[in-house]
Amino acid sequence: MSGVRIDVVTIFPDYFVPLDLSLVGKARAKGLLDVRVHELRHWTHDRHHTVDDTPYGGGAGLVMRPEPWGEALDAIAPADAPEQPRLLVPTPSGRLFDQGLAEELAAEPWLLLACGRYEGIDQRVVDHAVTRMRVDELSIGDYVLNGGEVAALVVVEAITRLLAGFLGNPASLHEESHGTGAEGGLLEYPVYTKPAVWRGLEVPEVLLSGHHANVSRWRRDQALRRTASRRPDLISGQGRDGWSAQDRAVLDELADD
Ligand code: JD8
């Protein structure tokens with residue numbers, strides 16, 4: 001199997017059934033993607049398949065034991081293997097996962113996602129793994145989830161759709177928000193389809209005009225307006241020389257509002 005290999009270790013493998021569905025499922029069927037989901041408890045040896053214990057230093061909750069994780073990583077990526085995966089550990093205290101990181105990870109041949117639960121994974125698992133593989137502790141956003149599985153699903157989908165041969169029309173990637181393509185960095189413009197009038201609401205005239213230059217300008221203006229109002233950080237993040245004169249005219253007009 002030639003595609004990108006993604007191993008996922010979790011105590012809730014059923015969370016990853018959705019990866020059998022839809023476009024990711026098709027990518028797996030096309031051999032673009034080799035996803036392997038592993039049940040962490042497979043690497044426990046007591047009859048209760050214990051994966052957690054009380055935290056050193058006290059405090060609420062439980063921490064995931066290092067031993068099952070160590071054995072899981074050793075089994076999936078033996079230290080003497082010719083190559084090692086890039087280990088991704090979802091955690092609220094990780095670096096922010098964004099489109100730039102998604103594009104970087106989509107170029108990796110082998111990823112291993114370690115999904116924690118409880119209060120998290122004993123830190124020594126990461127401290128030991130970095131001695132033989134690249135490790136990224138990442139967060140999908142500033143809100144608290146109950147575990148790493150949902151974040152792992154987000155990461156797998158965001159990476160898979162960037163794989164060559166995945167999207168019917170890769171050109172659409174360039175137009176996307178957050179991408180590093182020409183349109184990147186701005187939120188998407190509003191989109192419309194038939195009918196031209198729906199419940200008394202009309203599609204903007206310019207989109208029916210067939211005047212491609214006017215359509216592009218309108219879409220750019222809409223993307224600038226949306227971004228300025230919803231994500232001003234994405235505007236201030238790009239120096240003024242990143243904008244055309246027409247862009248700056250729109251931004252100045254918005255600034256005056
Ligand atoms: C991994 C355990 C739950 C987190 C006590 C709630 C990512 N953006 C994100 N928010 N939350 C996570 C995340 C939460 C996780 C684990 C990722 C493993 N938990 C813990 C600390 C507070 N409980 C995440 N990516």
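Visitor: Which residues are the closest to the ligand?
Guide: This is a predicted model. In it, 18 residues surround the ligand. The closest are Pro90, Ser139, Gly141, Tyr143 and Leu145.

Visitor: Which residue has a polar backbone atom 2.9 Å from a nitrogen atom of the ligand?
Guide: Three backbone contacts can be listed by distance. A backbone N or O atom of Thr91 lies 3.5 Å from a ligand nitrogen. For a polar backbone atom of Leu138, the distance to a ligand nitrogen is 3.4 Å. The 2.9 Å distance belongs to Gly141.

Visitor: How much of the ligand's accessible area does the protein cover?
Guide: Start from the ligand on its own. Its accessible area is then 540 Å². Of this, the protein covers 85%.

Visitor: In what order do the five strands of the open sheet stand?
Guide: The pairing in this sheet is parallel. Neighbouring strands are turned against each other by 30° on average, direction ignored. The order is S2-S1-S6-S5-S7.

Visitor: Which strands stand at the edges of the sheet?
Guide: Look for strands with a single partner. Such a strand is at an edge, so one side of it is left without a neighbour in the sheet. That fits strand S2 (33-39) and strand S7 (135-139).

Visitor: Which residue in S6 stands opposite Val8?
Guide: Strand S1 covers residues 4-10 and strand S6 covers residues 110-114. The two run parallel and are joined by five bridges. Opposite Val8 stands Leu113.

Visitor: And which residue in S2 stands opposite Val9?
Guide: S1 also pairs with S2, again in the parallel sense. Seven bridges make up that pairing. Opposite Val9 stands His38.

Visitor: How many residues of S1 are buried?
Guide: Take the two faces in turn. Val4, Ile6, Val8 and Thr10 point one way, and all are buried. Arg5, Asp7 and Val9 point the other way and are buried too. S1 is therefore largely enclosed by the rest of the structure, and the count of buried residues is seven of the seven.

Visitor: Is Arg5 buried or exposed?
Guide: Arg5 lies in strand S1. Leaving aside neighbours within four places in sequence, its contacts are Asp34, Arg36, Ile76, Pro109, Trp110 and Leu111. The cut-off for buried is under 20% relative accessible area. At 19%, Arg5 is buried.

Visitor: What angle does the direction of helix H2 make with that of S1?
Guide: H2 spans residues 66-76 and packs on the sheet. The helix touches S1, S2, strand S5 (86-96) and S6. Its direction makes an angle with that of S1 of about 160°.

Visitor: Which side chain joins that of Arg132 in a polar contact of 2.8 Å?
Guide: Arg132 lies in the loop between helix H4 (124-129) and S7. Its side chain reaches the backbone oxygen of Ala77 at 2.5 Å. Beyond four places in sequence, Arg132 touches Leu73, Asp74, Ala77, Pro78, Ala79 and Gln84. The 2.8 Å polar contact is with the side chain of Gln84.

Visitor: What is the relative accessible area of Arg132?
Guide: Buried means under 20%. Arg132 counts as buried, and its relative accessible area is 19%.

Visitor: Which residues does a cis peptide bond join?
Guide: Most peptide bonds are trans. Here there is a cis bond with omega of about 5°. Its proline is found in the loop between helix H6 (171-174) and strand S8 (197-198). The residues joined are Lys194 and Pro195.

Visitor: Is Arg199 buried or exposed?
Guide: Arg199 is found in the loop between S8 and strand S9 (201-202). Its phi is near 50°, a positive value in a residue other than glycine. Exposed means over 50% relative accessible area. At 73%, Arg199 is exposed.

Visitor: What is the phi of Tyr118?
Guide: Tyr118 sits in the loop between S6 and H4. At 33% relative accessibility, Tyr118 counts as partly exposed. Most residues other than glycine have a negative phi. The phi of Tyr118 is positive, near 60°.

Visitor: How far apart are the C-alpha atoms of Asp252 and Val150?
Guide: Asp252 is found in helix H9 (residues 245-256). Along the chain, Asp252 and Val150 are 102 residues apart. Their C-alpha atoms are separated by 40 Å.

Notes
Residues are numbered from 1 along each chain as its sequence is written. This is a predicted model: local features need pLDDT of at least 70, side-chain atom pairs count only at pLDDT 80 or more; totals for chains, interfaces and linings use all residues. Side-chain values use heavy atoms; hydrogens and water are left out. Two strands pair if DSSP finds at least two bridges between them. Helices (H or I, at least four residues) and strands (E, at least two) are DSSP runs, numbered from the N terminus. Axes are lines fitted to C-alpha atoms, for helices over the stretch in contact, and angles run from 0 to 180 degrees between N-to-C directions. Contact means heavy atoms within 4.5 Å. A residue is near a molecule or strand if one of its heavy atoms lies within 4 Å of it. A polar contact is a pair of N or O atoms within 3.5 Å; within protein, one must be able to donate a hydrogen and the other to accept it, and residues adjacent in sequence count only if both atoms are side-chain atoms. Accessible areas come from the Shrake-Rupley method with a 1.4 Å probe; for residues, only the protein chains shown count as cover. Buried means under 20% relative accessible area, exposed over 50%, partly exposed in between (1.4 Å probe, protein chains only).
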